[in-house]
Amino acid sequence: MRALTLDGNEVHPTKVVCLIVNYHAHGKELKHAVPDMPLWFLKPPQTIIGDGESIVLPELSENIHHEVELAVIIGNGGSNIPREEALDHVLGYSILLDITARDLQDKYIREGRPWSIAKGFDTFAPMKLDIVPAAAIKDPNDLDLSLTVNGEVRQSSNTKDMIFSVEDIISEISKVTTLEHGDVIATGTPEGVGPLRPGDTLHAYIESVGTLDVDVAKK
Ligand code: MG
């Protein structure tokens, strides 16, 4: 399992929490209603890979999608964290690609079955492993983010389009589960999600956070 690093020190997430439909425009493209509270699922931390590594397409799916997301890494953990204190619990920020087996997700939703395995295959969470300290980010709710595939811009937005702010997300998740040092929260993806093919190269960018480059393994 990959460790994250901050100033050379290793940080080990106990969980990766991912928001469901947290951008207005992405909700529209998937025809989802705007949620009235942050909704989320868990990815196994074993999904994490780093810069320069390869996403491996599983045999079970024929339609794998990219989702570029701002990742928040928790510093001081806690439960029932008040909204006003939420940013004091942030160690830093990073980039996470929430890779998704869209065909499996859609099928299981149609059948009324749980769909988290569509998000949980090994290599389905490429991350910028060296995280950026919280102090370097003025406002996480106002950052440009983008993703290009083979040089073509697929996703381009700003975290201002998020339905729930980073503060809301941390506070609401911590009402359910204790957030631990190193835990990763992926804050949802903007519009423009789409399919990946073997050999594709992905370049993700988030303002003040940096870049992440990975590819899709050839079969
Ligand atoms: Mg996502």
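This report walks through a predicted model, from its metal site and core to its strands, loops and aromatic pairs.

## The magnesium site

Let us begin with the metal. Three residues coordinate the magnesium ion: Glu-67 and Glu-69 through OE atoms, and Asp-98 through OD, with distances of 2.0 to 2.1 Å. Along the chain, these donors follow the spacing E-x1-E-x28-D. Glu-67 and Glu-69 are both buried. If you plan to look at the geometry around the ion, please keep in mind that water is not among the atoms, so sites may look incomplete.

## Strand β9 and its partners

Strand β9 covers residues 90-97, and eight of its eight residues are buried, so the strand is largely enclosed by the rest of the structure. Which strands does β9 pair with, and in what sense? One partner is β8 (residues 68-74), which pairs with β9 in the antiparallel sense over seven bridges. Within that pairing, Val-68 stands opposite Leu-97 of β9. Another partner is β12 (residues 132-133), which runs antiparallel to β9 and is joined to it by two bridges. Here Tyr-93 has Val-132 of β12 opposite. As a general reminder, strands of a sheet pair through backbone hydrogen bonds, either parallel or antiparallel.

## The loop between β8 and β9

His-89 is found in the loop that links β8 and β9. Is His-89 buried or exposed? Its relative accessibility is 14%, and the cut-off for buried is under 20%, so His-89 counts as buried. The side chain of His-89 reaches the backbone oxygen of Asn-76 at 2.6 Å. Beyond residues up to four places away in sequence, His-89 touches Ile-73, Ile-74, Gly-75, Asn-76, Gly-77 and Ile-81.

## The nonpolar core

The largest nonpolar core holds 67 residues, and Ile-170 and Ile-185 are those with the most contacts inside it. What does Ile-170 touch, once residues up to four places away in sequence are set aside? The list is Val-72, Ile-74, Ile-81, Ala-86, Val-90, Leu-179 and Ile-185. Ile-74 and Ile-81 also appear among the residues that His-89 touches.

## Two open sheets

One open sheet has five strands in the order β6-β18-β17-β13-β14, with mixed pairing. Its edge strands are β6 (54-55) and β14 (152-158), each of which pairs on one side only. Strand β13 (residues 144-149) pairs with β14 in the antiparallel sense over six bridges, and Val-149 stands opposite Glu-152 of β14.

Another open sheet has three strands, ordered β10-β7-β16, with antiparallel pairing. The edges are β10 (100-101) and β16 (194-195), and each pairs on one side only. Strand β7 (residues 64-66) runs antiparallel to β16, and two bridges join them. Pro-195 in β16 is the bridge partner of His-65.

## Ala-118 and the loop after α2

Ala-118 lies in the loop between α2 (102-110) and β11 (125-126). With a relative accessible area of 0%, Ala-118 is buried. Leaving aside neighbours within four places in sequence, Ala-118 is in contact with Ile-99, Thr-100, Ala-101, Leu-104, Gln-105 and Phe-124. For a sense of distance, the C-alpha atoms of Ala-118 and Gln-155 are separated by 21 Å, and these residues are 37 apart along the chain.

## Aromatic pairs

How many aromatic pairs are there? The count comes to two, and the table sets them out.

| Pair | Distance between ring centres | Angle between planes | Arrangement |
|---|---|---|---|
| Phe-41 and Trp-115 | 5.4 Å | 65° | edge-to-face |
| Phe-121 and Phe-124 | 5.3 Å | 55° | tilted |

Why are the two labelled in this way? Planes over 60 degrees apart count as edge-to-face, so the 65° of Phe-41 and Trp-115 earns that label. The planes of Phe-121 and Phe-124, at 55°, fall between the 30 and 60 degree limits, so that pair is tilted.

Phe-41 sits in strand β4 (residues 39-43) and Trp-115 in the loop between α2 and β11, so their pair ties together parts that are 74 residues apart in sequence. Phe-41 and Trp-115 are both buried. Phe-121 is buried as well, with a relative accessible area of 16%, and Phe-124 is buried at 0%. Phe-124 is also one of the residues in contact with Ala-118.

Methods:
Residues are numbered from 1 along each chain as its sequence is written. This is a predicted model: local features need pLDDT of at least 70, side-chain atom pairs count only at pLDDT 80 or more; totals for chains, interfaces and linings use all residues. Side-chain values use heavy atoms; hydrogens and water are left out. A nonpolar core is a set of buried Ala, Val, Leu, Ile, Met, Phe, Trp, Tyr and Cys residues joined through side-chain atoms within 4.5 Å. Buried means under 20% relative accessible area, exposed over 50%, partly exposed in between (1.4 Å probe, protein chains only). Contact means heavy atoms within 4.5 Å. Donors are N, O and S atoms within 2.8 Å of the metal (3.2 Å for Na, K and Ca); water is not among the atoms, so sites may look incomplete. Helices (H or I, at least four residues) and strands (E, at least two) are DSSP runs, numbered from the N terminus. Two strands pair if DSSP finds at least two bridges between them. A polar contact is a pair of N or O atoms within 3.5 Å; within protein, one must be able to donate a hydrogen and the other to accept it, and residues adjacent in sequence count only if both atoms are side-chain atoms. Rings of Phe, Tyr and Trp (its six-membered ring) pair if their centres lie within 6.5 Å; planes under 30 degrees apart count as stacked, over 60 as edge-to-face and the rest as tilted.
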